[in-house]
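Subject: The model and two places to look at in it

Dear colleague,

Please find the sequence and the structure just below. I would be glad if you kept them open while you read the notes that come after.

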Amino acid sequence: MGETCTETLNKLIQPSFDVKLKLLSLINESEQRILRLKEIISFGESAGALSVFSSHSEHFLREIEEIQQQLAKLEPNVISSLQSGKDLAEKIIPDVLQMKSLQASLSIAERDEAIARYRSEVVASQVLGSLDMSLDSFLNLSLHLGTHVSSSTPVLLPLPPFYGPMLEHFTKMFQEILRQMELPKIRSVGNWMEIGGDRTSNRCPWDEDVLKTFRCLFRTLSNIKLPEGTAETDAAKRAKLSIPVRLILEPLEKRFLFNFYGDRITNKPEKPEWYFTEVLTWITINDQWLTWMQDEQLKDLGKTSSNLRVDFMQGLISFVMDKISFDLGLLKSPPRPRCAIHLKGKEGTEEAAADSTGSTIGLLTSPPSFFGHLTDEMLTFEKCLEGLCYNPQALRPADLFTHRLDVLQHWITLESDLAHRKLKDLLAKPYAWRVDNKVPQCVGDFVTLVYSISRRAVHLHHNAAKSRVFFFKVQLDLIFTFLEAMITALPWNTTTGATSTALEGVDDESRDCLTRWTSILNALQTVLETMQEWTDDQYFVELWEDQESRRLLTCAWDPWMDEEVEPGNEERNGWKTITHRLGAALTEINSSGVAKTTAVVRRRIQCPGVFSEISELYGRRIEESLQRVGQSLFKRLRELAQAYLSDSQQWSRVDGYETLSATNTPPPSATSLSGHTAEMFVRLNCDLSATAKTLLPHLFTTLWQPILRKINQLFYNKLVLENHFTPVGASQLHYDLNHCLRTLLMPYSNLLVVDDLLAECFDACRLLSLPPGSIHLLKQSLLSTNTSSAVLGSLVELGIRRLPPDAAMAVLSRYIPLTANCGDDNAIF
């Protein structure tokens, strides 16, 4: 096949023509032939398909004709049927409507008959003095009137005139029972079980008949619902108090409205602790009998959606929320009494509270101290509710601050403003920059300030994810501001005029450059380590694990993000833009060319969650500053080492050494430090000592590890590999580096792995200090190609830690033996 194609191509392509053009024309001709073959094949295959399609089409047309014929036959019948149906409908529809009317009338009559029957049963039971029968009949009556909680029919309005007096009769009976039982407690009178024990031989102070009456009336009245008033506040609608709970709370409500509204001396918006304490006292002194009554007397009622203790607490808390709303200016007039049972339709708007004309302060526009004090007392009250095991999902005063965005924004803005003012104050204190255990005292105050913000938000519950996130953004903004202030205050970032403003309160002794930058970096490192500890705090773990909170934390948009921040108010509103500013700072430092070290990656692993980004920024800023300091220190040390590195004569000198014939004679030992390196080692010792005294251990290690690595490379590349060493010079090098430099660094061996950081230099010293015969044998081993494992073993036995065989050979090649018996071509004697 291949030969045939070749012959065909040779015939078609003549040597005198362009080969490329002939190939193109041949390809086009072949494509045209292929297309014609495809058309022939398609036509042969489509002939059968066309015949099938034609037969199906004819069959379909015949069916259409048959259907049209049938429709023509049915059309007259359909028209006649429709006319007959129309005539029948005209005759039946009036009867159907009449039947429905009769059914409705019958239903109304049956209901009226049932209402009349149960009414008579209630009256008869009252005449007979049977409370149980009268209450059961009353519940059946309420079921038919639609006032029962389980009734499926709407409330029959207007209610029959006899229903109000009946309900009023039972409510008065319940109020009378409450008076007999001396409930609710208004003032603390001690343990009611102990008081009752004097009269009832350590038993409950109420007899069984009283408890039975209480239980029956409570059960009945709890199942009655009344039309809600149109003037109820949001707190009242959320509380949804039953009739018996309203009757229990009625005397407390009267006292609350009387004492904390109007022009009474007890009504002071700047003293919210007065009504918080009063309500908390009522909850506390009534908690014992409420719990006992719920657990012992009302446990078999079967209504699981209601709890006497919780409803009682919600009712009192609704009073507090209405009071806060009125003081904040969210209510135009004081709320009207809602615990009293209105049965005669006298709930007109003319019953507005008598004190509605009183002046309201409106804490949203009042001095921040008023609002701040109110929030402090609210959070204290929330903490007390937690101690009373109050349901987190129930009505809470904090809901008013967290669910209203205007109130929440005002609150968070004041918290941010207060926190920044406290930060300025603590940095300006005289003792702020006094160092205690290498850390400025202001760091402890700052950490306490940041953590206290989370302790305020920890008491927020019930769909408070947004408020908790905003509180955390205040903390994040505060931590970010502290970082910016510290970085700005570093000596290389400030001028003489700006230093005093950045670090107010620093005394003259603390203005030393070394003390200043070390104190600042120690402060940042302490804050960073504190954030790593907070990662395990339950509050921050819950904040990160909650899906809604994480979405708000990672989202760069906030409800007020588009608001224009007024000049001079950046501190108050910084929490709104902290996500953008933090992201911009990380982007800037990532694009600045500062390498992201393994320590940064390790820190992100150690500090996940809400502090991951700010921790990374802190770590990068600290490392950036340490790199700057390290470059400055190394530059100065390198300048001092130039004379030492350039003095090549001292390494090739032979003074004091006699030519010996023995190949294993050790080189002479140096007894003094080279003069050119003394100044460098003194400076290195001073820098090490100064930074060790002022820097935290982790920062000291981070600073000096890269410096020592650079010194190691400097000595190895510029000293060892660029000079030739006689035994005298090698002995001097060994004394300078392995004895003097290593001895200088060993006091810091718990922070610096000296032998690893200077491994190449120490390995070179060991190799060059070997006896001449050992050097000769080692060089012969290194030149051998079949004993690599043996060579590595030899290097390990000699204590060579870092240098591979080729590098070891390069070091040995710098050695100049002074004896001719070694067989070395480089021998000079």
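The notes below take up a pair of helices and then a cavity.

This is a predicted model, in which local features need pLDDT of at least 70 and side-chain atom pairs count only at pLDDT 80 or more, while totals for chains, interfaces and linings use all residues. Residues are numbered from 1 along each chain as its sequence is written, and side-chain values use heavy atoms, with hydrogens and water left out.

Helix 26 (residues 727-745) packs with helix 28 (residues 759-768) at an angle of about 140 degrees, and their axes are 9 Å apart; helices here are DSSP runs of H or I with at least four residues, numbered from the N terminus. Helix 26 is therefore oblique to helix 28, since oblique covers the angles that are not under 35 degrees, not over 145 and not 65 to 115. In the contact (heavy atoms within 4.5 Å), Ala730, Leu733, His734, Leu737, Asn738 and Arg742 of helix 26 meet Cys761, Phe762, Cys765 and Leu768 of helix 28. Seven of these contact residues are nonpolar, two are polar and one is charged, where Asp, Glu, Lys and Arg count as charged, Ala, Val, Leu, Ile, Met, Phe, Trp, Tyr, Cys and Pro as nonpolar, and the others, Gly among them, as polar.

The second largest cavity (on a 1 Å grid over the protein atoms alone, a set of points where a 1.4 Å probe fits but cannot get out, lined by residues with an atom within 4 Å of a point) is lined by Glu253, Phe256, Leu257, Tyr261, Phe319, Asp322, Pro335, Arg336 and Arg338. Helix 8 gives the most to this lining, with three residues, and by class the lining has five nonpolar, no polar and four charged residues.

With best wishes

How values were computed. Axes are lines fitted to C-alpha atoms, for helices over the stretch in contact, and angles run from 0 to 180 degrees between N-to-C directions. Helices (H or I, at least four residues) and strands (E, at least two) are DSSP runs, numbered from the N terminus. On a 1 Å grid over the protein atoms alone, a cavity is a set of points where a 1.4 Å probe fits but cannot get out, and a pocket is an open set with protein on both sides within 12 Å along at least five of seven lines; lining residues have an atom within 4 Å of a point.
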